[in-house]
Amino acid sequence: MTMMKKLHMTVAVLALSTTAAAAQEVEVLHWWTSGGEAAAVGTLRDTLAAGGIGWQDMPVAGGGGSDAMTVLRARVTAGDAPTAVQMLGFSIQDWAAEGALANLDSLAADQGWADVVPAALQRFSTYDGSWVAAPVNVHSTNWVWANTALMAELGITQPTSWEEFVAAMETAKAAGYTALAHGGQAWQEATMFDSMVMGAGGPDFYQAAMVDLDPAALGSDTMVEAFDRMATLRSYVDDNFSGRDWNLATAMVINGDALFQIMGDWAKGEFVNAGMTAGNEFQCFRVPGTEGTVTFNSDQFAMFNVADESDQASQLAMASAVMSPEFQVTFNLVKGSVPARTDIPSDQFDACGQLGMAQLAEAAASGGLFGSMAHGHANTPSVQNAMYDVITAHFNGEYDAATAAAELVTAVEIAQ
Amino acid sequence: MATTTDTGVDFRTRLQTWLPKLVLSPSLAIMLVFVYGFIAFTVYLSFTDSRMLPSYEWVGWQNYDRLFRIREWNIALTNLAVFATLYIAICTVIGLMLAILLDQKIRGEGMLRPIFLYPMALSFIVTGTAWKWMLDPAIGLENTMHLWGWESFAFGWIKDREMAIYTIVIAAVWQSSGFVMAMFLAGLRGIDNEILKAAQMDGASNFQLYRRIILPQLRPAFLSAFVILSHLAIKSYDLVIALTGGGPGNATALPATFMYSYTFTRNQMGIGAASAVIMLMTIAAIMVPYLYAELREKK
Amino acid sequence: MAAASTETAIRSSRFARVLIYLVLLLFALFYLLPLGIMVVNSLKPLSEITGGNMVALPRDWTIAPWLSAWSTAQIGVEPTGLRPYFINSIVMAVPAVMLSTIVGALNGYVLTKWHFRGATIIFGLLLFSCFIPFQIVLIPMARILGILDIAGTTSGLILVHFVYGIGFTTLYFRNYYAAFPTELVRAAQIDGAGFFQIFWRIMLPSSGPIIAVSFIWQFTNIWNDFLFGASFASGGSAPMTVALNNLVNSSTGVREYNVHFAGAIMAAAPTLLVYIVAGRYFVRGLMAGSVKG
């Protein structure tokens, strides 16, 4: 094993240092295609290029990565897997279970990944105790984004409990504003639902219902309470929410038409792009009721089995570059997320980024870090989508809260 | 065909008789593999526990059993029935109407025809966002009407789970009715004017001309339109994804979106395959009688 | 066809004619509306779109979104715009259209002029292939492309489009040739003309309209395909629709709608052009062939 480890390391170092080898190349499937994101991935390409490794780009956007996953299946079936693939949560585990992923253990051991990556993330980056993926970032999904000017105008201070949160929305609604900006797409409703479950039942309940899929928890009164809170949120969104893209909902907050939005930290980019700064023109705080916990999703590069030795070397070099503190900072500054490594100084990040990093480290230490169901980090895609069906049906008024909880039990049962 | 005793010529003749079959055989072979082979594979998958990738573990009817217990599948089937009926009917009516109107010695026909026809050239990846905006009450048609002073105008179907499927119909009709128009126009232009003139001499009114003589002659065009429209209806996928993503809730899911979602997004390939088999059977139920009638008639 | 319509037997009153024009114009407006919105918004700065009425005319006209979509927008990690993918689509579409049209013409010729037992059944089998949902062919097709070692290449994609185009092209040509006088073929046969000679000398020269139909249909379908393009052609050889999708559908980034619309119109330009230029032959070809069953 140590022999192998040394060999791997030498190869990796060689790969980073050599400038000659023209044939060395990584093929990367990802869905980071918007301006800023793509540019950020570009820095990874530049790092590899400096080491003489070519970058064969293979972007497939759409459906929050689901189109890319379809393409991946076609590629693997054809016996032509890419070197590295951007992946979320349970997909990594599924591919690892198929035996399709490479083993990164020696590199991980050398660079001490286990010490700097939170255990909740390692749950996805490793399979059967072996590293199969390199985590890039942590998005936390239980944020509220708020327009500071509008808060001041309405005399609202940052709410610290669910009741205060509702009261604040009531004030905004009474004043003729949209209290909650929301886009009616299943994943956005599920994003709010994560926080409602966490708020209504706390971390243990979240674990039991969303991760362990305990039917008793799924059908419990606490779950009915979570659905009731969703109904409360529903009463504060505008009439036109259905089908709206999340960024248009964010624009409502930016323009001062709406007070709050519950959304993951990628929303920050929209504010920044509109010339606003965190902590001044806009604010971020955890969804009231979920303080002390973080629900997250994490983009990772899953490394596929490649036969060729020089390809393996390039792959390790890429994994190493992904985990380097420099890339983790560069990329996450652009993306709005926080680094997957917890040992990175936060001084380059803005107020929301710093807050996010501190809270992430805190939650990781106290056991309050949970995978987001809405973003495929709490259960498998089939269960996740079955939950979507129920959540979105309830939010659109097809079920009352009690029926929804009962339907959730059935839907999860069929999907398993 | 002349027969001869000369072996060289005989070979040539034999080649000539075999050549047509030889020319056709690659296409046939390709179809057997890439269409019927794949269909057989899908049928097989629908009886296995395939999830992310194909698996060969036999589970009997379990996938079909689950399929019909899933509420969204029943919604998708109902939606398809509503969508296909309205879509085919409206496209045919509008297509026929436009064709008849265009056939009245219209000045500027050369301009109008491509305008009616062009939506067929565009995929919904291209026009999806524009449609979404138009139908969105806050920014689209409703808002524009309000700005123009028509305050009571309301058009929020896309946000309403009872009505959203009808907005899908509108966009779909927009895309294909021009194509149907072209088919009917071609049919109209193919009708012998002498017959019409003769009927007119006998004192037939315009309406009678159309009812008694022209429409019956358009029968082949009706059939072609029906086949093309029903296959477009069953395959409709881009349209729903671009306009509503299946929402509000799951109100606009169609079997094609259901199938894609279960096969690829939800990693339940077995159930996805089962839904595909049901879809194929639906298509066959429509197509086989048509093909049978159509092809027998030619004899 | 102008020649036929000049002596149509239907007469209508002046009032009816005004009504007819009105209806036609209203429909023209309805058909043009989405394209109009796309054009208008592609000429606005982004702030005007996100900040106001999306249907209104631009206050500041700009062509920057068009330039960006064409040459500098981020499609992947390289800010290449749509330009390189345009070529990919052409390299893919042209051979696939030509191959499927040639094979369809030959099939149609055999099926109508060289009757043999089982020809009808074979035609039925070919025709049913038009109706296969493409989602189910993805996985087995990937396997076969892998075996043939053309996965992830333009050749693989051409093969796929060729295969699923045969059904339609055969349908078109068969219906067209069915109306073609068989006596001419028999006469040529008696004169000693061979199978291909007859096809080349007699059938093809009169196939103009139906070639146009087949070309338009195939070109539009192939150019607009996304599913196969994304699955079977990777990265550098990806067709235009995949690139457009990357431009338009990025999930968690800032959305530049004006650039998206400019890109969408560019991606649609070739098919639009084909419909406008060849549209007149389309009706003519349909008239001569496919609607006659």
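For the angles in these notes I take axes as lines fitted to C-alpha atoms, for helices over the stretch in contact, with angles running from 0 to 180 degrees between N-to-C directions. The model I am reading is a predicted one.

**Entry: helix H4 and the sheet of chain A**

I looked up helix H4 (residues 89-97) of chain A and found that it lies across strand S3 (84-88), S6 and S13 of chain A, running at about 125° to S3(A). I then traced the sheet itself, an open one in which five strands of chain A follow the order S2-S1-S3-S13-S6 with mixed pairing. Strand S2 (54-59) and strand S6 (133-135) of chain A stand at its edges, and because each has a single partner strand, one side of each is left without a neighbour in the sheet. Ignoring direction, I noted an average turn of 25° between neighbouring strands of this sheet.

At the S6 edge, I found three bridges joining S6(A) to strand S13 (residues 299-303) of chain A, and the two run antiparallel. In this pairing A:Pro135 stands opposite A:Gln300 in S13(A).

**Entry: the nonpolar core**

I next looked up the largest nonpolar core, which has 326 residues, and noted that those with the most contacts inside it are A:Val132, A:Ala302, A:Met303 and A:Met387. Its largest share, 16 residues, comes from helix H7 (residues 164-189) of chain B, while domain 1 (3-139 + 298-353) and domain 2 (143-295 + 366-415) of chain A each supply at least three residues. I followed A:Met303 further and, setting aside neighbours within four places in sequence, listed its contacts, among them A:Ala84, A:Leu101, A:Val132 and A:Gln315.

**Entry: the contacts between chains**

Between chains A and B, I found a contact that takes 22 residues from chain A and 25 residues from chain B. On the side of chain A that touches chain B, helix H3 (66-77) and helix H18 (381-395) of chain A are the elements that give two or more residues, and H18(A) gives the most, with six. By class, I recorded five nonpolar, twelve polar and five charged residues on that side of chain A.

Between chains B and C, I found 80 residues of chain B in contact with 75 residues of chain C. Helix H1 (residues 7-45) of chain B gives the most to the side of chain B that touches chain C, with 16 residues, and that side has 53 nonpolar, 19 polar and eight charged residues.

**Entry: B:Arg211**

Lastly I looked up B:Arg211, which I placed in helix H9 (residues 206-217) of chain B. B:Arg211 counts as exposed because it has 12 C-beta neighbours inside 10 Å, the cut-off for exposed being 12 or fewer. From B:Arg211 to B:Ala253 I noted 42 residues in sequence and 38 Å in space, C-alpha to C-alpha.

Methods:
Residues numbered from 1 in each chain as written. Chains lettered and ligands numbered in written order. Predicted model: local features only at pLDDT ≥ 70, side-chain atom pairs only at ≥ 80, totals over all residues. Contact = placed C-beta atoms within 7 Å. Helix = DSSP H or I, 4+ residues; strand = E, 2+ residues; numbered from the N terminus. Nonpolar A, V, L, I, M, F, W, Y, C, P; charged D, E, K, R; others polar. Buried ≥ 20, exposed ≤ 12 C-beta atoms within 10 Å, placed from the backbone. Core = buried A, V, L, I, M, F, W, Y, C linked by C-beta atoms within 7 Å. Domains from an automatic or database assignment. Pairing = 2+ DSSP bridges.
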